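Colleague: I have just opened this model and would love a guided tour. Could you take me through it step by step?

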Amino acid sequence: MMSTARTLFKKLWDAHVVKNIDQQRDLLYIDRHLVYEVTSPQAFEGLRQHKRKPWRSSTILATADHNVPTRNRHAGIADRLAAAQIDQLSINCEEFEIKEFKLNDPRQGIIHVIGPELGATLPGMTVVAGDSHTSTHGAFAALAFGIGTSEVEHVLATQCLLVSHLKTMRIDIKGKLHPHVSAKDLILHIIKHIGASGGSNYAIEFTGETVRGLSMEARMTLCNMAIEAGARVGLISVDNTTINYLAGRPFAPSGAQWNTASQYWKSLVSDEDAVFDCTIHLTAEDVKPMVSWGTSPDMVTSIDGSVPAPEDFETINQQVSVRQALEYMQLQPHTLITDIKIDKVFIGSCTNSRIEDLRTAAMIVEGKQVAPTIVQALVVPGSGLVKAQAEAEGLDKIFIAAGFEWREPGCSMCLGMNEDRLLPGERCASTSNRNFEGRQGAGGLSHLVSPAMAAAAAIAGRFTDFTGS
C-alpha cells in the first residue's frame, strides 16, 4: 500500500495548486507578494501597457531597500538612478493601491526583515519577491522563493505563477551548537559540506534538535542562505517557537482567527514517515566559527583553519576555480585565517541585521575600540523597527563608542548598489550572504562571517578566534 505521508514541502505545494500543467509544472496560487524598487518598475509598466490591475493588491507589500541611502536621508538621494527607482515605486504603489513602507515610515527596511517582523509572513503561505533570498521566509513553514521580473508582472496580474517541480532534501542536524557558534556558521558549514550547487533543484528542509533549538531570527538566517547552497527553497516546520514569535504581530491574525490559524499551523510539519529524495545528517558539535576565503560561499573554513591550495582539491575544474579565487582574493595558499587583515567591516543584510544579530555584535565590541587599521565599520539595522529597538537598548551607543558608524535601514554594502561599497582591493568582514567577485563593489574582497566574527575582526583588525577556546 502506498504511503500517504507527505513532506512539509509537499503539503504546502498541494495546498496551492490551481492547475496541473504537465508532469513537471503546476500553476500555484500566491498568498503574499513582496516588491521593492529594483525589479518592480518593468512589471508595473507591463500592467499599464496591457491595461491591467493587480489581481489582489491587498496581498502585496512594498518597500525600497536595495539602493536606498543609509545616511543623510533628509538631504535627499544623490544617486539619480536610485532616486528615480524609489520615486517610481511610490508612484506605482499609489496608482495601484498597494501598501508601501516609504523611507520616512518607521517600518521601512529590508523586505525580508520587515515581512516577518510585521507578521505579514505566516505559516502555510506561498511568498514571492523579485529577490532570490525570499527563501528567508521559509523559516515560517512558508513556501517562499525568488522570481524574475516577468514573473513579478505575472503574479501582480493573476495572483498565480507557473512553477517547476522541485525535489526534496532533508538536512538533519543533531546536537547543540557550541557557545559563540551561530546559525550563520551553521549554514556556511552546511554549504561547505554539500557545495554551492549541492541543493540545485531541491527544496531543503532543515530538521533536527539543533534547528528546533534555534530562535526564529536564527532560523531565518539558515533559510536565507539555502540559496547559497543552490536550493530555491529553504523550509523549517512550525513549532511553538514559530507560533510564539508571531503572536501579536500587526499583520498576524487575532482573536478567534488566531486560535483557528495557530491550530492549523501546527499541522505544517513533515509527516513522520515522509520520504525525501535526499537526506543528509550533520552534527552541531562539528561546527566552528567560519570564515569564507574565496569567491563562492562554499569556499569557507573554520577560524582555526588556513587558506587551501589548489592541489588540495581533486578535480581539474576545482583546482582552476580555487586558483582563480585565490588570485582575485589576493591570498596565498596555507595562509592562516587569523593572519588575514581586513580594511572594512559590514554588519547588516537580510541575513544578519536583526536585533539578535546586533545584540551579539554589541556584546563583542562593548568597552573596546575598532582597530586603527580599519578604514570603516558599518552597522546597518535591517529595519526601522530593529533600529528603534536597538537604540532603546543602547546598542547604538555601544557601537558608536567603539568606532562603528550607525546607519539607517537598507541593504547597504551587501550588494554595493548605493554609496556603501568596497573600493578595489579593500578587504571586508561581512555578515552578508554572497562573496562573489565585485559583489560589494568592483574589486572588493569579501569574507562571509557571523555578526560575532565581524565584530571581533573589527576590534582586532584581522580575523580572530574570539571564543576563547
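Modeller: Happily; we will talk about a pocket, a strand and two loop residues, keeping in mind that this is a predicted model.

Colleague: Which helix gives the largest share of the lining of the largest pocket?

Modeller: Let's start with the candidates. Helix 6 (183–194), helix 8 (216–224), helix 12 (355–365) and helix 15 (451–460) each supply at least two residues of that lining. One of them gives five residues, the largest share, and that is helix 12.

Colleague: How much space lies in the largest pocket?

Modeller: First picture its walls: 22 residues line the pocket, and Val181, Ser182, Ala183, Glu356 and Thr360 lie nearest its centre. Rolling a probe the size of a water molecule over the atoms shows where empty space is left. For the largest pocket, the space comes to about 420 Å³.

Colleague: By class, how many residues of the lining of the largest pocket are nonpolar, polar and charged?

Modeller: We sort the 22 lining residues by the kind of side chain they carry. The count for the largest pocket is ten nonpolar, eight polar and four charged.

Colleague: Now to strand 3 (residues 32–35): which residues point one way and which the other?

Modeller: Burial does not separate them, as all four residues are buried. Direction does: Arg32 and Leu34 point one way, and the other way point His33 and Val35.

Colleague: In strand 4, which residue is the bridge partner of Leu34?

Modeller: Strand 3 pairs in the parallel sense with strand 4 (residues 60–63) over three bridges. Strand 3 also pairs with strand 6 (residues 126–129), again parallel and over three bridges, and there Arg32 has Val127 as its bridge partner. On the strand 4 side, the partner of Leu34 is Leu61.

Colleague: Which hand does the β-α-β crossover from strand 3 to strand 4 have?

Modeller: Follow the chain as it leaves strand 3, passes through helix 2 (residues 41–49) and arrives at strand 4. This crossover is right-handed.

Colleague: Gln159 has a positive phi; is this residue buried or exposed?

Modeller: Gln159 sits in the loop between helix 5 (149–158) and strand 8 (160–164), with phi near 65°. Buried means under 20% relative accessible area. Because its relative accessibility is 1%, Gln159 counts as buried.

Colleague: And Gln330, buried or exposed?

Modeller: Gln330 also has a positive phi, near 60°, and lies in the loop between helix 11 (316–329) and strand 15 (344–347). Exposed means over 50%. With a relative accessible area of 53%, Gln330 is therefore exposed.

Technical notes: Residues numbered from 1 in each chain as written. Predicted model: local features only at pLDDT ≥ 70, side-chain atom pairs only at ≥ 80, totals over all residues. Heavy atoms only, no water. 1 Å grid on protein atoms, 1.4 Å probe; cavity = no way out; pocket = protein on both sides within 12 Å on 5 of 7 lines; lining within 4 Å. Points joined across faces, edges and corners; volume = space filled by probe spheres on them. Nonpolar A, V, L, I, M, F, W, Y, C, P; charged D, E, K, R; others polar. Buried < 20%, exposed > 50% of the residue type's maximum accessible area, 1.4 Å probe, protein only. Pairing = 2+ DSSP bridges. Right-handed = clockwise from strand over helix to strand, strands pointing away.
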